[in-house]
Amino acid sequence: MSRTTTPRGQRTLARHGRLSSPGPLAQLLRGLAIVLAVLLVAGGAVVAYAAVDLTRSFTADAVDLKGQPAVPPDLGELKGGVNLLLVGTDECEPDFAQLFGDRCSGDDAEGNLNDVNMLVHISDNPRRVTVVSFPRDLMAPMPSCTDKDGNVSYASDYRQINSAYMYGGLSCVVDTVSELSGLQIPFAAKVSFGGVINITDAIGGVDVCIANGIKDPYTGIDWPAGMRQVKGLDALQFLRTRHGVGDGGDLGRISNQQQYMSRLANKLKSQEVLSNPATLYKLASTALRNVDPSTSLTNPLTLVQIASAVKDVPFDDIVFIQYPTYTDPDDPNRVVPDVEDADTLWAALAANQPLELSGNLSDGDGVVVDENATPTPPASPAPVESASPSPTDSAAPTPAPTSDAIVLPDGIAGQTAAQATCSNGNVRD
């Protein structure tokens with residue numbers, strides 16, 4: 001990797017700067033504005049969200065994104081569509097390093113990688129949510145990036161995507177995914193191992209389904225089949241496990257993560273969670289302490305606007321997708337973009353019609369249908385043609401067709417939040 005220095009005075013792509021502290025009057029006015037916004041848009045979460053410390057910024061450090069627009073404060077939902085990139089890094093923080101053995105000692109401890117890359121696309125009216133996961137083993141074009149020390153990396157047509165954070169921090173990951181998708185991404189946030197542990201503790205656990213026992217010596221998981229509540233370190237290791245599910249590859253891990261996210265979405269949208277101010281307060285305040293956002297997300301009103309935009313999206317229109325790939329002909333342990341299928345996906349999102357999945361739940365056999373699932377209620381009342389469906393009726397691998405749906409190619413794997421899946425665990429040693 002060739003390196004050059006950034007010319008003096010040039011602004012780097014990923015600048016970490018400490019935000020100035022507002023004066024007492026500004027703090028008070030901002031607090032009042034946020035409380036008012038919450039009262040108007042947050043419904044049952046009013047008490048919890050208003051209780052968050054409103055006199056401070058979301059974070060003392062934030063990351064600039066190239067070309068990010070200013071978001072005007074508003075008391076309603078964010079106007080137009082939203083593209084938000086969520087990045088998970090494998091940082092060995094001092095408080096948690098002892099939990100990860102070889103990963104945080106010796107040669108493996110060098111560098112931080114963006115091993116989880118999820119693009120959250122929220123469409124304009126009607127609102128739909130599509131979460132596209134990019135495999136860590138994806139070999140793809142990467143633009144020139146500047147790291148925090150001002151070192152400039154050269155652009156490459158073939159570089160593993162999970163090295164982007166090492167080359168230029170959060171903004172480099174954003175630029176790389178933006179080039180792959182053709183979408184402008186004005187919002188981004190990064191969470192580390194420790195952040196995931198703290199946030200999942202605040203959530204209070206998520207009940208996941210394991211179809212077969214999971215045994216993975218790399219994460220320390222040795223769990224039997226059945227439903228299991230995971231939180232804290234267990235949740236992180238469940239999200240990290242690769243050897244314990246499917247074919248042992250990263251594509252299987254992605255679908256395992258999607259099962260978790262689908263069940264999490266169902267929990268957070270349930271009345272039980274939305275009506276519990278203590279749980280919401282703990283989740284909100286912990287999240288604020290455990291994510292590093294782009295500067296476009298440091299205004300609390302922006303998060304209120306985004307949350308307001310997605311709170312009523314039906315489960316059928318929350319779709320989790322694996323970015324389409326095929327095996328790298330030069331390296332069987334890596335994958336490369338399936339450009340044709342990817343172009344179809346991006347065109348479908350631009351058209352903003354319901355997405356109909358026709359492919360597998362997982363390209364890596366990471367999940368299977370939950371045969372014991374309880375049917376998901378329809379988003380709106382529908383005529384009843386027969387007796388109540390049996391549990392297996394709702395466990396079909398793809399949602400029912402709709403007249404205006406765009407059928408995605410069968411090379412695109414994924415599931416909706418309305419579908420119930422289980423981790424396809426194995427006992428690989």
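Modeller: In this predicted model, the largest cavity holds about 80 Å³ of space. The residues closest to its centre, out of 13 that line it, are Arg128, Thr130, Leu349, Gln353 and Leu355.

Colleague: What makes this space a cavity and not a pocket?

Modeller: The term cavity applies because a 1.4 Å probe fits at its points but cannot get out, whereas a pocket is an open set. A search of the whole structure finds two cavities of 30 Å³ or more, and the largest, at about 80 Å³, is one of them.

Colleague: How are the residues of its lining divided by class?

Modeller: Five are nonpolar, five polar and three charged. Of the residues closest to the centre, Leu349 and Leu355 are named; Leu counts as nonpolar and Arg as charged, so Arg128 belongs to the charged class.

Colleague: Which residues line the second largest cavity?

Modeller: That cavity has about 60 Å³ of space. Its lining consists of Asp115, Val116, Asn117, Met118, Ser133, Phe134, Pro135, Arg136, Asp250, Arg253, Ile254 and Gln257. Two elements, β5 (114-122) and α6 (250-268), give two or more residues each to this lining. By class, the lining has five nonpolar, three polar and four charged residues.

Colleague: Why is Pro135, in that lining, called nonpolar?

Modeller: Pro is in the list of residue types that count as nonpolar, so Pro135 falls in that class.

Colleague: What makes the set around Leu85, Leu119, Phe134 and Trp346 a nonpolar core?

Modeller: The name is used because such a set holds buried residues of types such as Leu, Phe and Trp, joined through side-chain atoms within 4.5 Å. The largest core has 38 residues, and these four have the most contacts inside it. At least two of its residues come from each of β4 (82-89), β7 (139-142), α3 (164-181), β16 (318-322) and α10 (339-351). The largest share, nine residues, is supplied by α3. Another core, of 23 residues, lies apart from it and includes Phe193, Ile214, Leu236 and Phe238.

Colleague: How do you know that Leu85 touches Val173?

Modeller: Contact means heavy atoms within 4.5 Å, so the pair must meet that limit. Beyond four places in sequence, Leu85 touches Met118, Leu119, Val173, Val174, Val177, Ile185, Phe187, Ala188 and Ala189.

Colleague: What share of the chain is called buried, and why?

Modeller: Of the 429 residues, 51% are buried; the word applies to them because their relative accessible area is under 20%. The chain exposes about 19700 Å², of which carbon and sulfur atoms supply 53%.

Technical notes. Residues numbered from 1 in each chain as written. Predicted model: local features only at pLDDT ≥ 70, side-chain atom pairs only at ≥ 80, totals over all residues. Heavy atoms only, no water. Buried < 20%, exposed > 50% of the residue type's maximum accessible area, 1.4 Å probe, protein only. Helix = DSSP H or I, 4+ residues; strand = E, 2+ residues; numbered from the N terminus. 1 Å grid on protein atoms, 1.4 Å probe; cavity = no way out; pocket = protein on both sides within 12 Å on 5 of 7 lines; lining within 4 Å. Points joined across faces, edges and corners; volume = space filled by probe spheres on them. Areas by Shrake-Rupley, 256 points an atom, 1.4 Å probe, with all protein chains shown as cover.
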